[in-house]
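Thank you all for coming; I would like to take you through a few local features of one model, going from a loop to a helix pair and then to a pocket. Please have the view open as we go.

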Amino acid sequence: NGGVWPNGVTYGDFSTPEPPPGWVLVKTVANGICGSDLHYLQGYTRHLVRDENLPAVLGHEAAGVIARLGDGVEGLNVGDRVALEPLHACLELGLRPCPMCQTGNYQLCPNLSIVGVPIGRMIPGGYGEYCLFHNTRVFKIPEHVSFEEAALLDTLACTVHAINLARPVPGDTVAVIGCGIIGIDTIQCLKSAGVKDI
């Protein structure tokens with residue numbers, strides 16, 4: 001309808017996805033709301049979304065409990081409490097590894113698909129009752145970590161990556177513009193790096 005999502009968010013029934021070999025079905029317990037989700041819903045990024053990806057189950061900042069294992073999954077069990085990394089590249093998608101994946105830079109893969117993001121290959125996300133993740137993107141969480149905290153793994157990973165690129169050292173002065181969850185994570189990571197003047 002003119003390139004804008006009809007009615008913003010709607011509720012709908014979808015079949016529970018079956019995990020293919022190497023994949024895990026996770027019952028969603030917590031999922032963050034990313035700024036990019038709002039952009040999709042407001043239609044700002046509609047030109048990036050392929051029609052065949054609609055309707056889309058959004059949500060890429062997820063945590064939950066493993067409900068079912070695909071064939072060949074080892075080291076994980078039904079009932080495990082898990083945090084989830086949404087990036088899926090050549091190896092997880094069953095493709096021949098591209099140069100980026102071969103060098104370990106899968107976040108730059110031209111075939112990159114992100115769970116719950118309707119760009120690339122659509123993989124149902126954490127706004128649904130169940131979501132799918134490749135077993136290499138599933139991480140067990142200890143009992144003292146809440147699902148809400150575990151759902152922040154994606155935002156924390158972005159922040160840690162930024163700190164590693166910037167390489168601040170004690171004595172540096174760093175400005176953090178904006179104190180959403182990324183900004184708060186950045187402040188915590190800077191403190192962990194020994195930066196006091198933030």
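Let me begin with P55, which is found in the loop between α1 (35–42) and β2 (62–69), where helices (H or I, at least four residues) and strands (E, at least two) are DSSP runs numbered from the N terminus. A cis peptide bond joins L54 and P55, with omega at about -5 degrees. Before going on, I should say that this is a predicted model, in which local features need pLDDT of at least 70, side-chain atom pairs count only at pLDDT 80 or more, and totals for chains, interfaces and linings use all residues. Residues are numbered from 1 along each chain as its sequence is written, and side-chain values use heavy atoms, with hydrogens and water left out.

A second backbone feature is at R167, in the loop between α4 and α5, where phi is near 50 degrees, a positive value in a residue other than glycine. In general, most residues other than glycine have a negative phi, and most peptide bonds are trans.

Turning to the helices on either side of that loop, α4 and helix α5 (residues 181–192) pack at an angle of about 50 degrees, with their axes 9 Å apart; axes are lines fitted to C-alpha atoms, for helices over the stretch in contact, and angles run from 0 to 180 degrees between N-to-C directions. That makes α4 oblique to α5, since angles under 35 degrees count as roughly parallel, over 145 as roughly antiparallel, 65 to 115 as roughly perpendicular and the rest as oblique. Among the residues in contact (heavy atoms within 4.5 Å), T155, L156 and I163 in α4 are on one side, with I181, D185 and L190 in α5 on the other.
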